[in-house]
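Hi,

Here is the structure I promised to pass on. Have a look at it first, and my notes on what turned up follow underneath.

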Amino acid sequence: MFWKISWRNFKRKPLRNFLTLLGITVGVVSLLAVTSSVATTNRLINEQVQETLGTTDFTIQSTEGNFPEQVLKEVEEVSGVEKALGLTHLSAEVDIPGKNEADLPVRLTGLSKMDSSLVPLKVIQGSPNSSGLFLSNATARLWSVKPGDSVSLKIDGKKHTVPVAAVVRDTMFLKYPVSGNEAAARNRHAAALPIDLLEKLSGKKGVLQEVRIQTMESGKDQSMKEIESRMHHKGYPVYIEAAIADPRQKNRLDELYLFLLVLGGTALLISCMILFQTFYTNIAEREREFAIMKSFGSTPDQIRGIVLREALILSSVGTLLGILPGIWMAVTLQKGIFRSFHVDFDYEIQLGTALPVTVALGIILPVIASLLPVSRASRISVIQLQKMEKDALSRPSKWRILFGGALLGISLFDHDWSYLPAILGAFILIPFAFRGVQRLMWKFLRNRVESEVALRNAIRQGRRHSNMAAVLMLGIALSLLMTSFFNYQDNYLERDMASTFGGHLQFRAENPFTKQEIDAIREEKGVKDTTRLGEASVIWGSGGEQRRMNVLGVDPEWQHSHPLYTLQRGEEKATDLSAKGTILLGDYAFQQWGGEIGEMIRLKTPGGEEKFRVTGVVRTGFDSSYVGFVGKERMKEEFGVAKEVRGLLALHDQQDQEKMKETLLHNMGNRLVEVRTLDEEIKWQRRYFPGLSFLFAGLLAVALGTVGIGIVNLLLMSVTERLSEYKTMRAIGAGRSQVFGMVIGEGAVIGVTGILVGSLLGFWLIGLNAISDLVDMEFIIPWTEWVMICLSGALVTFVATSIPAARAAFVSMPPVSSD
């Protein structure tokens with residue numbers, strides 16, 4: 001019976017419930033799209049990174065660059081080892097017939113077995129048993145070759161013709177360039193081939209750079225200890241470590257995920273506010289009904305149940321209606337994300353977690369939002385019904401002002417959740433801003449009849465209108481915050497990258513650089529200076545999960561003249577890289593670690609497990625800031641490695657970076673894995689901004705559109721309540737334009753309050769970013785974008801208000817009596 005009552009009440013107000021359903025549906029669509037996109041992107045990246053290791057349990061790496069192939073034979077003799085694979089890398093150049101580019105750099109990887117699960121190469125064309133080059137599908141398309149074709153390779157100045165044996169599915173192991181000349185120039189091409197063929201081409205035999213090992217599940221630790229014992233006994237320059245693929249080393253996407261989730265959650269929050277307003281009005285209109293039901297014996301629990309069932313019907317139907325559009329929007333958003341980063345992956349939208357979470361939140365949160373009106377309905381009595389209750393704003397309470405101000409003050413303390421108290425404080429204070437805007441508009445517009453009526457009605461419905469102004473405020477503030485972030489990144493990208501790039505060029509080789517090679521680079525025309533970086537891969541734990549990052553050994557003098565990082569915060573002597581047992585962490589690594597400055601971090605280094613005191617947090621562009629820094633002279637003693645495969649180069653003023661890159665590739669193309677210029681990296685980073693800005697603008701437009709739905713619903717309810725008033729006004733001579741203006745005036749108070757307070761809140765949030773050590777931003781107000789955001793908010797408010805205003809203006813007048 002109670003379900004029938006709830007369903008009957010649901011159908012009584014079709015337009016009102018339609019708009020409420022529409023708001024919930026849009027919120028669910030937005031949330032489902034962002035949650036599934038985040039899940040899809042995260043899973044795809046993790047799978048791509050993990051795929052590079054295949055079924056590998058442990059790897060053997062060199063402390064000096066390479067080691068004899070006898071190591072592989074020793075490993076294969078250890079009991080408990082199921083599979084072992086030897087790898088070696090070599091830099092070469094490829095000449096592709098029919099292409100304008102000549103001598104493109106390519107990284108050749110020799111494998112002792114081409115069909116091993118330790119390096120899963122899924123052949124899609126050709127034969128895995130053929131001898132020749134194995135190319136990724138993307139590389140094969142870019143080179144315009146297929147199995148059976150031949151390509152020309154230059155190794156150590158000698159040309160060789162090598163057949164293409166197979167084309168394999170795209171994989172990060174064979175890191176491939178994306179489409180386009182600029183991308184192809186930035187990324188080194190890659191190919192795999194049998195190790196005996198690579199040795200034949202290069203003339204270098206009997207050396208490896210890595211061994212991958214898969215052991216039996218039951219005896220992993222024992223096998224690892226036996227391998228370590230053999231390596232130590234034979235004196236090989238190697239170390240063994242667990243195979244861990246950590247996507248954070250190359251992809252810092254946590255902030256992107258957070259922004260997407262915030263925008264998706266905002267749309268659903270606005271939907272909950274719409275439902276709250278709907279039920280608040282419904283309860284007010286049905287007070288007499290509830291009082292009569294109580295007089296006939298209905299209990300408060302039964303009345304609560306009736307209204308909660310109505311909320312459940314609305315939220316359930318709205319959520320179900322949002323699933324299919326949400327999946328479509330998720331696919332569209334996913335394409336937009338990949339297009340923004342200029343990558344092309346095969347993927348499947350991940351709904352396993354996103355769909356149930358969205359459905360649960362889409363149903364539960366609106367029901368929670370209805371609890372306050374539900375509680376009010378259960379307390380209504382016949383006696384209370386005799387009293388006229390008003391919805392006007394009460395006079396300002398000093399306690400409310402103090403509480404809101406205290407929350408704003410709390411937000412000044414630097415914390416990950418500083419935004420939350422700031423937004424809550426603004427929500428608490430906005431009713432007073434609403435009253436202030438109404439009084440200000442009264443002062444200047446009270447001489448117009450329609451303005452006076454509109455402003456009086458705005459105060460009469462003050463609670464509802466100020467709540468909707470708060471929702472508009474949130475949309476304006478988030479829009480301003482996002483545009484400020486992108487504006488800062490766009491305007492200061494060049495400055496920030498130049499201050500943490502370590503010079504003008506970065507280069508990397510497969511094997512350690514010799515002093516003679518560095519001296520030869522230093523003698524090149526236009527070179528101011530050059531240096532080598534030490535590098536050690538370390539394993540550490542966070543939240544029960546094993547992670548991997550690089551620690552770079554830096555020359556303190558080079559850091560002083562050509563900084564690789566800038567210190568954000570730290571101990572007094574944090575800049576002393578030579579202090580034994582200390583380390584500086586990039587801000588992303590520090591965030592993932594979760595400790596505090598001055599605490600100890602435990603790292604499994606190539607030389608064994610060590611503890612280091614974290615003396616500071618730095619901002620850097622190296623390895624997505626998922627990195628540590630120490631003095632270069634400490635690498636051998638404290639980290640157990642002496643290889644220096646990274647180099648930095650500084651140029652004299654006005655020297656062409658691209659020309660120097662070409663010179664390095666010409667002179668050392670067979671040695672270098674990668675050469676990156678500062679100008680090139682800045683251009684590459686700028687490519688992301690247009691696509692990401694467009695994506696966020698679209699999500700913000702959805703949020704503002706949801707605000708518009710809420711304003712339409714709110715003012716339609718207000719107009720419906722006062723239809724008799726408008727009929728009377730029309731009967732005594734008020735024109736349609738005047739009645740239209742009365743409703744538009746109410747919307748204007750909502751719009752002006754929301755835009756004004758939203759702008760102030762946006763400025764406050766930008767200021768929080770500027771004073772925070774956790775966010776790298778300055779206080780920048782994008783004035784042009786701010787004007788556009790305000791105009792967008794005003795347009796949404798006007799369009800949304802025009803619908804109920806038109807209904808009020810065209811209300812039919814009461815019939816004239818013939819008496």
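Let me start with one residue: Phenylalanine 338 has a relative accessible area of 8%, so it is buried (buried means under 20% relative accessible area, exposed over 50% and partly exposed in between, with a 1.4 Å probe and protein chains only). You will find phenylalanine 338 in helix H10, residues 300-340. Helices (H or I, at least four residues) and strands (E, at least two) are DSSP runs here, numbered from the N terminus. The C-alpha atoms of phenylalanine 338 and methionine 293 lie 57 Å apart, with their positions 45 residues apart along the chain.

Before you read on, some housekeeping. This is a predicted model, in which local features need pLDDT of at least 70 and side-chain atom pairs count only at pLDDT 80 or more, while totals for chains, interfaces and linings use all residues. Residues are numbered from 1 along each chain as its sequence is written, and side-chain values use heavy atoms, with hydrogens and water left out.

The overall picture

The chain has 819 residues, and 55% of them count as buried. It contains 27 helices and 22 strands. Its C-alpha trace spans about 115 × 55 × 55 Å along the principal axes.

Two helices that meet

Have a look at H2 (residues 14-51) and H8 (residues 254-285): their axes come within 9 Å and cross at roughly 160 degrees. That makes H2 roughly antiparallel to H8. For reference, angles under 35 degrees count as roughly parallel, over 145 as roughly antiparallel, 65 to 115 as roughly perpendicular, and the rest as oblique. The axes are lines fitted to C-alpha atoms, for helices over the stretch in contact, and the angles run from 0 to 180 degrees between N-to-C directions. By class, the contact of H2 with H8 has 14 nonpolar, 14 polar and two charged residues. (Ala, Val, Leu, Ile, Met, Phe, Trp, Tyr, Cys and Pro count as nonpolar, Asp, Glu, Lys and Arg as charged, and the others, Gly among them, as polar.)

A hairpin

Strands S18 (residues 600-605) and S19 (residues 608-620) run antiparallel and are joined by six bridges; two strands pair if DSSP finds at least two bridges between them. They form a hairpin, with two residues between the strands. Leucine 603 has glutamate 610 in S19 as its bridge partner. In a regular strand the side chains alternate between the two faces of the sheet. Along S18, Ile601, Leu603 and Thr605 point to one face and are buried, whereas Met600, Arg602 and Lys604 point to the other and are not.

Past S19, in the loop between S19 and S20, sits serine 624. Serine 624 is not a glycine, yet has a positive phi of about 60 degrees. With a relative accessible area of 21%, serine 624 is partly exposed. Serine 144 also has a positive phi of about 60 degrees without being a glycine. Serine 144 is in the loop between helix H4 (137-143) and strand S7 (150-155), and at 54% relative accessibility counts as exposed.

Aromatic pairs

How many aromatic pairs does the structure hold? There are 16. Rings of Phe, Tyr and Trp (its six-membered ring) pair if their centres lie within 6.5 Å; planes under 30 degrees apart count as stacked, over 60 as edge-to-face and the rest as tilted. One of the pairs is phenylalanine 486 with phenylalanine 696, tilted, at 5.4 Å centre to centre and 50 degrees between the planes. This pair links distant parts of the chain, 210 residues apart: phenylalanine 486 is in helix H17 (residues 462-498) and phenylalanine 696 in helix H24 (residues 688-721). Both phenylalanine 486 and phenylalanine 696 are buried. Together with Phe259 and Phe485, Phe486 and Phe696 form one aromatic cluster.

Tryptophan 540 and tyrosine 626 have ring centres 6.1 Å apart and planes at 45 degrees, so this pair is tilted too. Tryptophan 540 lies in strand S14 (residues 527-542) and tyrosine 626 in the loop between S19 and strand S20 (627-631), so the pair ties together parts that are 86 residues apart in sequence. Tryptophan 540 is buried at 3% relative accessible area, and tyrosine 626 is buried at 0%.

Cheers
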